[in-house]
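Subject: Handing over a structure, with notes

Dear colleague,

I am passing on the structure we talked about, and I would be grateful if you kept it open while you read the notes that come after it.

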Amino acid sequence: MRDCLVLAGPTDEIYSAAGTDLLTEVERERAAAFVQEGDRRDFVAAHLLVRRCAAKVLGVPEDRLTLLQHCDRCGPGHGRPYLAEVPELGVSLSHSHGYVCVAVGPGRVGVDAERVPAGPPDRALVSHALAPAERPLARDNEALIRLWVRKEALIKRGELTLDALGTIDLSALPLGGDTTPPDGEGAGPGGEGIRRLEWAGRHLLEWRTGSGVAVCVVTDHPATLG
C-alpha cells in the first residue's frame, strides 16, 4: 500500500455516465434524487474518483472496491465514507459546483472543497466557526473560506463537530499569499501553488482553483497529489 494520495479536478473531466455501473444501488438512488443536474454530476464524479484513487493506493482494479457510507446518528446510506473491502483505510471526498477532490490513505483522512463566494464575509459564520484569535483574519471571504475548509476537513476526519468549530484555533497557520509553494511542486489542479503545512502532528495540503474553489486536505501522513 502506498502513502496518502489525493486526486482532484473539474467534474466534467471525471464524470462518466457509463461509470455509474461501478456505483452501488444506494449511490445510484442518491444520485437520482438530486434536482439539479450539476449536483448529480458532482456526486457521481466524486464517487467515481474516490474509487480511482483507492485503486491506485491499493493496487487493485476499481471494480473490486465497494464504497459505503455510515452516519453515526442515522445509520448507513450517507455520512463518513469507507471501503467495504478495506474499512480501516482512510477515505474522504468533497465536491463543490463543478469541482471534486478525494483523498485516500492510512490513518484519518479529511478533505473539503468550497467555492469562495463574492461579497463581504458572513459575520454570523465568522462568529460561529472561528476561534476568537481567528476572527480578525477573516477580512474577506477568501480568508474565511480558507479557514472554513480546514475545519471541515477536520470534521471529516472525525475529530471536530459543527457545534465545536470555534474550539480549535488555526490562527498560527498562514493563509493565502502568506506562504510560498515548495520548490518544484508547481500548482494545484487548475489553480495556484500548493501549500504544505503542519499543525499538531497533522499534514495539510491546500490550493485554490482558478475557478474559485478553496481546497484543504488533512492527513496523518504526507500526501501526494496525483
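What follows is a description of what was found, beginning with the whole chain and then moving to its parts.

Please keep in mind from the start that this is a predicted model. The protein chain has 226 residues, and buried residues make up 50% of them. Its secondary structure comes to five helices and eleven strands. The chain exposes about 10,400 Å², of which carbon and sulfur atoms supply 51%. If you consider the contacts between residues at least 6 apart in sequence, 55% of them join residues that are at least 24 apart.

The sheet of four strands

Four strands form an open sheet, and if you follow them across it you meet them in the order β7-β10-β9-β8, with antiparallel pairing. The edges are held by β7 (109-115) and β8 (195-199), and since each of these has a single partner strand, one side of each is left without a neighbour in the sheet. Neighbouring strands of this sheet are turned against each other by 20° on average, if direction is ignored. Helix α5, which covers residues 141-156, packs on the sheet and touches β7, β8, β9 and β10, while its direction makes about 150° with that of β7.

It is worth going through the pairings of β9 in turn. Five bridges join β8 to β9, and these two strands run antiparallel; W199 has R202 in β9 as its bridge partner. On the other side, strand β9 (residues 202-208) is joined to strand β10 (residues 213-219) by six bridges, again in the antiparallel sense. Here E206 stands opposite C216 in β10, and W207 stands opposite V215 in β10. Six of the seven residues of β9 are buried, so this strand is largely enclosed by the rest of the structure.

Turns and unusual backbone angles

Most residues other than glycine have a negative phi, which is a helpful background for the next few residues. β8 and β9 form a hairpin with two residues between them, and A200 in that turn has a positive phi of about 50°. A200 is also exposed, at 60% relative accessibility. The hairpin of β9 and β10 has four residues between the strands, and there G212 takes a positive phi near 95°. Elsewhere, H97 has a positive phi of about 50° although it is not a glycine. H97 lies in the loop between β5 (90-95) and β6 (99-105), and with a relative accessible area of 57% it is exposed.

Strand β1 and its partners

Which strands does β1 pair with, and in which direction does each pairing run? Three bridges join β1 to strand β11 (residues 223-225), and these run parallel, with V6 standing opposite L225 in β11. β1 also pairs with β6, this time in the antiparallel sense and over six bridges, and in that pairing A8 stands opposite C101 in β6. Six of the seven residues of strand β1 (residues 4-10) are buried, so β1 is largely enclosed by the rest of the structure.

A buried loop residue

L89 has its place in the loop between β4 (80-83) and β5. Is L89 buried or exposed? At 5% relative accessibility, L89 counts as buried, because the cut-off for that word is under 20%. L89 and A54 are 35 residues apart in sequence, and their C-alpha atoms are 8.9 Å apart in space.

Aromatic rings

A search of the whole structure finds one aromatic pair. The pair is formed by F34 and F43 and is tilted, with 5.4 Å from centre to centre and 50° between the planes. F34 counts as partly exposed, at 31% relative accessibility, whereas F43 counts as buried, at 2%. A further ring to look at is that of Y15, since R41 lies over its face at 4.0 Å from the ring centre.

When you go through the model yourself, you might begin with β9 and its bridges to β8 and to β10, and then turn to β1 with its bridges to β11 and to β6.

With best wishes

Technical notes. Residues are numbered from 1 along each chain as its sequence is written. This is a predicted model: local features need pLDDT of at least 70, side-chain atom pairs count only at pLDDT 80 or more; totals for chains, interfaces and linings use all residues. Side-chain values use heavy atoms; hydrogens and water are left out. Two strands pair if DSSP finds at least two bridges between them. Axes are lines fitted to C-alpha atoms, for helices over the stretch in contact, and angles run from 0 to 180 degrees between N-to-C directions. Contact means heavy atoms within 4.5 Å. Buried means under 20% relative accessible area, exposed over 50%, partly exposed in between (1.4 Å probe, protein chains only). Accessible areas come from the Shrake-Rupley method with a 1.4 Å probe; for residues, only the protein chains shown count as cover. Rings of Phe, Tyr and Trp (its six-membered ring) pair if their centres lie within 6.5 Å; planes under 30 degrees apart count as stacked, over 60 as edge-to-face and the rest as tilted. A charge sits over a ring if NZ of Lys or CZ of Arg is within 6 Å of the ring centre and within 35 degrees of the ring normal.
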